[in-house]
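This note sets out a few points to look for while reading the sequence beside the structure. Please keep both in view and locate each residue as it is named.

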Amino acid sequence: MSEVVDEDDRTYRVRRQRRSTIVIAVVLLSLAGAFYYASTYFRDTTPTPGPCTTEVPVAPLRPADVSLNVYNSTARKGLAAAVAKAAADRGFSVKAVGNDPKDAGVKQVAQIRFGPEGAASARLVKTHVPKAVYVNDKRKGDTVDLVVGAAWKSFGPVPVVATPTQTLRQCPTITVQQ
């Protein structure tokens, strides 16, 4: 017996074979995608930390942190009270108002009297009264005296407060127990 293979049967087998190949390729690609997706769960995806700093940012001194005594060394009445009100409006903590206890007769705009502990506070007051003169009188404590002189007109412009910026993140603190 001879086998007769007709043309329709051969094209049917070729189509079936091609269809099987496409199905197997799609299944294999789907499996590869599933394995790749699953492998992302097993990889270390946490970001690696960059550089850090151990320096703690220091907040700048604010006028509310400064204890200020305002004294008048001129013959103008009520000058110390007016200056004390303006200082309080700027946020300073005004403690005492009155005539200059040293009776120095200040000719400049003002004197800023302070001790070693009040040097930072004196620098802040100087930013508000730029033409004032520093006088370190070696007192105890951080109280600052603003002694208004004969050339006093008013406070200077309100200075721009610099905010601390930190470009590096804080390093984690590690406590070692022994």
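1. The model is predicted. A good place to begin is helix α1, which spans residues 7-42 and contains Arg-18. Arg-18 counts as exposed because its relative accessible area is 54%, and exposed means over 50%. Together with Arg-15, Arg-16 and Arg-19, Arg-18 forms a positive patch on the surface.

2. Helix α1 also holds Leu-31. This leucine belongs to a nonpolar surface patch whose other members are Val-23, Ile-24, Val-27, Leu-28 and Phe-35. The accessible area of the patch comes to about 600 Å² in total. Leu-31 itself has a relative accessible area of 42% and is therefore partly exposed, a class that lies between the buried limit of 20% and the exposed limit of 50%.

3. The largest nonpolar core has 23 residues. Those touching the most other members are Leu-68, Val-83, Ile-112, Val-125, Val-129, Leu-146 and Trp-152. At least two core residues come from each of β2 (67-72), α2 (79-89), β4 (110-114), α3 (119-128) and β6 (144-148). The greatest contribution is that of α2, with 5 residues.

4. Where is Lys-138 found? Lys-138 sits in the loop that links β5 (133-136) to β6. The phi angle of Lys-138 is positive, near 60°, although the residue is not glycine. For comparison, a negative phi is what most residues other than glycine have. Lys-138 is also exposed, because its relative accessibility is 63%.

Terms used:
Residues are numbered from 1 along each chain as its sequence is written. This is a predicted model: local features need pLDDT of at least 70, side-chain atom pairs count only at pLDDT 80 or more; totals for chains, interfaces and linings use all residues. Side-chain values use heavy atoms; hydrogens and water are left out. Patches are made of residues with over 30% relative accessible area and no salt bridge: like charges are joined within 9 Å, nonpolar side chains (Val, Leu, Ile, Met, Phe, Trp, Tyr) within 5 Å. Accessible areas come from the Shrake-Rupley method with a 1.4 Å probe; for residues, only the protein chains shown count as cover. A salt bridge is a side-chain nitrogen of Lys or Arg within 4 Å of a carboxyl oxygen of Asp or Glu. Lys and Arg count as positive and Asp and Glu as negative; His and the chain ends are not counted. The place of a charge is taken as NZ of Lys, CZ of Arg, CG of Asp or CD of Glu. Helices (H or I, at least four residues) and strands (E, at least two) are DSSP runs, numbered from the N terminus. Buried means under 20% relative accessible area, exposed over 50%, partly exposed in between (1.4 Å probe, protein chains only). A nonpolar core is a set of buried Ala, Val, Leu, Ile, Met, Phe, Trp, Tyr and Cys residues joined through side-chain atoms within 4.5 Å.
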